[in-house]
Amino acid sequence: MITFKNVSKQFPDGTTALKDINLHIEKGELLTLIGPSGCGKTTTMKMINRLIEPSGGQIYIDGTSIAEQDPVELRRSIGYVIQQIGLLPHMTIAENISLIPKLKKWEKSKIEARVDELLHLVGLEPSTFRTRYPLELSGGQQQRVGVIRALAAEPPVILMDEPFSALDPISREQLQDELIKLQKEIQKTIVFVTHDMDEAMKIADRIAIMKDGEILQLDTPDNILRHPKNEFVRDFVGDERIAKGQIPTASDLMIRKVATVKESRGLAEAFRLMRSERVDSLVVTDPDHVYKGVVTLDVVQQHYDDDSKRIVDVMSEPKPVSIDTLYPEIAKRFAEETPGMILVVDENKLEGVITNGSMMRGLAGLDQVSQRKEGALNE
Amino acid sequence: MNDRNFFVLFIETIQGRWDDILVALQEHLFLSFISIVIAILISVPLGIFISRRKKLAEPIIAISAVFQTVPSLALFGFLIPFLGIGSTTAIIALTVYALLPILRNTYTGITSVDQSSIEAGRGMGMTDSQILTKIEIPLSLPVIMAGVRTATVLTIGVATLATFVGAGGLGDIIYRGLTSNKDELVLAGALPATILALSFDLILKLLESAATPKGIKAKK
């Protein structure tokens, strides 16, 4: 979608803002540019709508060099949101939002419908807000309008220059959440400049960490956390975050000591094992500890009288998760399927199980107890 | 003379010279109005121009400030050798006088428009002239109007000196009163000039308020 090819920038006073930037931004992705002040992140972003011209190199949008396009026309196809919001105080909210559609000579009825649609999108009731003036709105509301103003003419690309950093922490969180939600619906290509790592981690598909006019690392938030490329990135991301704030995986959330049973055993033995271990289900494995399935107390009791049945005949085979599965996915599965537990495997070998309780303890950073003790606690 | 006699004399003077006063008032209005219009036509574009080239701003404002510091009577006298006497000379002198307040307010108004509005406008794809007409001028209009108001009141006052270059106006009546030592006649010229200045001040104040965008007033 957007490609930087050997882009450099020297300012007239001789300072080098950017050194040979190569960057490819995918269609529909939210890429954040982050780094300490003076790292060139804003310069990089402003080159996309030609508010700053590169000294060397080329920038392409959809394969066309932007240097060959009329800057005004180019900017009208790129949404722009700035930290200071920059709503025009002498115009109503509706007038502010419809500014670019009007310059693009949209029909009046189309503009009006678009204004209402956008206000709804960010939870501002059109009948109330259409005729208000920017200074009558709170900072958070103003920036919501700032964001939808950028969306008004349906540009495929949106540039956001630290859009939420001047807001109070609560509004900032809300707007970040709304942006994530919004991005799911609109699927625009967004370039988002920030100096706030938490913000970048939260909203970005990919993060470009910049320093002294160079991109040090460009990767997904997860990979940056797991594999910071150098000391600077590690420091910038924050050691603490790597140690503590890293997204927990199945391995952090599971109980390792699990009551298991071999699949060739009979139901009576399974029943005895459940009683002695005080659990209501057993994980079935083969002698090499390869995961096979699960038997529950219910099915054992149901088939108990039929002594021809073995565990292998009555066990169910719920899908296990891999040991490096991230917490959100596990939480989602609990929420959607409400299983009693989720099995964790590492290349087919049983590693443990995650229950609601073990997930909570894992998230809280507590040591995991055995399944049996947990069972005892539940009694 | 006691006060009562003076008041009676003043009323009689007004009644007796009503036609003269009306003619002088018209001349006065004409001189002031034309000068202000010319001053606006020069100062507003010039103010916008120097707001784009800030290096030029200081010298140009300084030059117009120098004109302002020349005593008004001296300025009229100074122009006579070049332009002779008559309303042209008066209008030029008055225009020069009115330049500074309008120029300075235009410059201040335009340069103090919130840069974030302009950056947002440019970033969204507004052309320079759209930024000027849709953002900068509407937002600086109250300040520019305040400059026009100051200049107008000033000009109406200074226009009483136009009589010395033979351009007429209410100064004629004041001057006649001074030379013939008739205080009532001086007042018959000065009072209309004062009323004129005050009423213009009021009108322009209303205009200034009308020029203030609603969205900005909302905050106050």
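These are some informal notes on the two-chain predicted model above.

1. **Ground rules.** The model is predicted, so local features are reported at pLDDT of at least 70 and side-chain atom pairs at pLDDT 80 or more, while totals for chains, interfaces and linings use all residues. Residues count from 1 along each chain as its sequence is written, and chains are lettered from A and ligands numbered from 1 in the order in which they are written.

2. **Confidence.** The predictor gives the complex an ipTM of 0.78 and a pTM of 0.70. Chain B has a mean pLDDT (the predictor's confidence in each residue, from 0 to 100) of 89, with 97% of its residues at 70 or more. Within chain B, helix H2 (residues 18-52) comes out highest, at 94, and helix H10 (residues 214-217) lowest, at a mean of 78.

3. **Chain A overall.** Chain A has 19 helices and 16 strands. Both are DSSP runs numbered from the N terminus: helices are H or I with at least four residues, strands are E with at least two. Of the 379 residues in chain A, 39% are buried. Buried here means that 20 or more other C-beta atoms lie within 10 Å of a residue's own; 12 or fewer is exposed, anything in between is partly exposed, and the C-beta atoms are placed from the backbone. Taking contacts in chain A between residues at least 6 apart in sequence, 65% join residues at least 24 apart. A contact means C-beta atoms, placed from the backbone, within 7 Å.

4. **Chain B overall.** Chain B has 10 helices and 0 strands, so its elements from the N terminus on read α-α-α-α-α-α-α-α-α-α. Buried residues make up 40% of its 220 residues. Of the contacts in chain B with a separation of 6 or more, 76% are between residues 24 or more positions apart.

5. **Where the chains meet.** On the A side 21 residues are in contact with 19 residues of chain B. Helix H2 (71-76), strand S6 (78-82) and helix H4 (99-103) of chain A each give two or more residues to that side. The chain A side splits into 14 nonpolar, 4 polar and 3 charged residues. For that split, Ala, Val, Leu, Ile, Met, Phe, Trp, Tyr, Cys and Pro are nonpolar, Asp, Glu, Lys and Arg are charged, and the others, Gly among them, are polar.

6. **A:Leu99.** This residue lies in helix H4 of chain A. A:Leu99 is buried, because 25 other C-beta atoms lie within 10 Å. Leaving out residues up to four places away in sequence, A:Leu99 touches A:Arg149 and B:Met124. Its C-alpha atom is 9.8 Å from that of A:Leu88, 11 residues apart along the chain.

7. **The cores.** A nonpolar core is a set of buried Ala, Val, Leu, Ile, Met, Phe, Trp, Tyr and Cys residues joined through C-beta atoms within 7 Å. The largest has 74 residues, and those with the most contacts inside it include A:Ile48, A:Tyr80 and A:Ile97. Helix H7 (residues 139-151) of chain A provides the largest share of this core, 5 residues. A second, separate core has 46 residues, including B:Ile91, B:Tyr97, B:Ile110 and B:Val143. Back in the largest core, A:Ile97 is in contact with A:Val115, A:Leu118, A:Val145, A:Ile148, A:Arg149 and A:Ala152, leaving aside neighbours within four places in sequence.

8. **Helix H1 of chain A.** This helix (residues 41-48) is mostly covered, with 7 of its 8 residues buried. Among them are A:Lys41, A:Met45 and A:Ile48. Just after H1(A), A:Arg50 takes a positive phi of about 60 degrees.

9. **A sheet in chain A.** Three strands form an open sheet with mixed pairing, in the order S11-S12-S13. Strand S11 (260-262) and strand S13 (291-296) of chain A each have a single partner strand, so one side of each is left without a neighbour in the sheet. Pairing requires at least two DSSP bridges between two strands. S12 (residues 281-285) and S13 of chain A pair in the antiparallel sense over 5 bridges, and A:Ser281 stands opposite A:Thr296 in S13(A). Helix H14 (residues 267-277) of chain A packs on the sheet, touching S11, S12 and S13, and its direction makes about 125 degrees with that of S12(A). Such angles run from 0 to 180 degrees between N-to-C directions, with axes fitted to C-alpha atoms, for helices over the stretch in contact.

10. **A:Asp298.** This residue sits in helix H15 (residues 297-302) of chain A. A:Asp298 is exposed, because 11 other C-beta atoms lie within 10 Å. The C-alpha atoms of A:Asp298 and A:Ser281 are 8.7 Å apart, with their positions 17 residues apart along the chain.

Note on methods
Two residues are in contact if their C-beta atoms, placed from the backbone, lie within 7 Å.
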